[in-house]
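Here is a walk through one protein model, from its overall layout to a few side-chain pairs. Keep the structure open while you read.

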Amino acid sequence: MLEIDGRTLLARSLEALAGADPLVVVGPRREGVSGVRWTREEPPGGGPVAAVAAGLSIVDRPRVVVLAADLRGITAAVVDRLLGALDRDPGAGGPEGGTVRGAADRPPADAVDGAVLVDSAGRRQWLVGAWRTAALRAALPTRPEGLALRRVLNGLTIVDVPARGDESADVDTVDDLP
């Protein structure tokens with residue numbers, strides 16, 4: 001597993017979620033990772049929609065944070081901003097700069113389905129988001145394997161949360177490391 005400053009990328013994502021209960025990891029078990037509930041998508045390698053469905057199958061909380069395990073700039077502060085944007089009245093504005101897209105009018109806070117980090121090019125980073133569990137669950141198809149998250153979730157009411165610095169940067173190869 002790739003590391004930055006002696007910590008794996010998975011460890012960085014888990015640290016950003018400190019205090020979450022349950023803390024769920026979708027994928028093969030990793031040695032040295034404790035304090036999490038493991039599950040697998042069906043079929044294994046079935047893609048991000050299948051992974052989200054697998055993780056949601058063991059979550060019973062009203063909100064859920066979905067993070068990829070290859071994020072080099074993810075921190076608890078990013079998670080806090082996402083949760084704050086999910087819970088804040090979108091009409092209230094505020095210093096976080098969240099913008100609602102997907103709703104005809106500004107909905108009440110509980111009508112917002114999710115908050116997603118948006119990179120500097122304006123692209124939603126679907127695997128860096130906070131969601132109302134019921135809305136996320138309802139959006140998932142019966143057969144989630146091989147589908148793109150943006151196609152499955154784009155119809156939800158989403159608050160865009162602008163990334164700061166390298167918060168949205170992912171690491172696919174060693175060349176992506178800082």
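## Salt bridges

First, a working rule: a salt bridge here is a side-chain nitrogen of Lys or Arg within 4 Å of a carboxyl oxygen of Asp or Glu. What you're looking at is a predicted model, and by that rule it has nine salt bridges. Take Asp166 and Arg72, whose side chains meet at 3.5 Å, N to O. This pair links distant parts of the chain, 94 residues apart, with Asp166 in the segment after β9 and Arg72 in the loop between β5 and α3. Asp166 counts as partly exposed, at 38% relative accessibility.

Next up is Asp87 with Arg132, where the closest N and O atoms are 4.0 Å apart. Asp87 sits in helix α3 and Arg132 in strand β8, so this salt bridge ties together parts that are 45 residues apart in sequence. The two partners get different labels because buried means under 20% relative accessible area: Arg132 has 18% and is buried, while Asp87 has 37% and is partly exposed. Then there's Arg143 with Glu145, a salt bridge at 2.7 Å, N to O. Arg143 is exposed, at 62% relative accessibility, and Glu145 is partly exposed, at 26%. Through shared partners, salt bridges also join Arg63, Asp87 and Arg132 into one network.

## Overall layout

Stepping back, the protein has five helices and nine strands. Read from the N terminus, the elements go β-β-α-β-β-α-β-α-β-β-β-α-α-β. Of its 178 residues, 43% are buried. The accessible surface comes to about 9,200 Å², and carbon and sulfur atoms account for 48% of that.

How much of the contact map joins residues at least 24 apart, among contacts between residues at least 6 apart in sequence? The share is 65%. One pair to look at is Pro44 and Glu145, which are 101 residues apart in sequence but have C-alpha atoms 9.3 Å apart in space. Pro44 is in the loop between β4 and α2, and at 53% relative accessibility it counts as exposed.

## The largest core and helix α3

The largest nonpolar core has 25 residues, and those with the most contacts inside it are Leu67, Ile74, Leu82, Ala115, Val128 and Val161. Elements giving two or more residues to this core are α1 (9-16), α3 (76-87), β7 (114-118), β8 (124-132) and β9 (158-162). Helix α3 gives the largest share, six residues. For a close-up, try Val128: leaving out residues up to four places away in sequence, Val128 touches Val66, Leu67, Leu71, Ile74, Val78, Leu82, Ala115, Val116 and Leu117.

Helix α3 itself has twelve residues and spans 16 Å from first C-alpha to last, close to the 16 Å expected. Its buried residues are Val78, Val79, Arg81, Leu82, Leu83, Ala85 and Leu86. Which elements help cover the buried residues of α3? They include α1, β5, β7, β8 and β9.

## Around helix α2

Now for helix α2, which covers residues 48-56 and has Val49, Ala50, Val52, Ala54, Gly55 and Leu56 as its buried residues. Their cover includes β3 (24-26), β4 (37-39), β5 (63-67), α4 (133-139) and α5 (149-153).

Thr133 belongs to helix α4, and at 2% relative accessibility it counts as buried. Apart from neighbours within four places in sequence, Thr133 is in contact with Leu56, Val59, Arg61, Pro62, Arg63 and Val64. Leu56 also appears among the buried residues of α2.

## How far to trust it

Mean pLDDT is 85, and 80% of the residues reach 70 or more. Two stretches call for care. Over residues 91-97 the pLDDT is below 50, and this stretch has eight contacts in the model beyond near neighbours in sequence. Residues 100-107 stay under 50 as well, with 20 contacts beyond four places in sequence. Where pLDDT is low, the predicted coordinates should not be read in detail.

Note on methods:
Residues are numbered from 1 along each chain as its sequence is written. Side-chain values use heavy atoms; hydrogens and water are left out. Buried means under 20% relative accessible area, exposed over 50%, partly exposed in between (1.4 Å probe, protein chains only). Helices (H or I, at least four residues) and strands (E, at least two) are DSSP runs, numbered from the N terminus. Contact means heavy atoms within 4.5 Å. A nonpolar core is a set of buried Ala, Val, Leu, Ile, Met, Phe, Trp, Tyr and Cys residues joined through side-chain atoms within 4.5 Å. The expected span of a helix is 1.5 Å times one less than its number of residues. pLDDT is the predictor's confidence in each residue, from 0 to 100. Accessible areas come from the Shrake-Rupley method with a 1.4 Å probe; for residues, only the protein chains shown count as cover.
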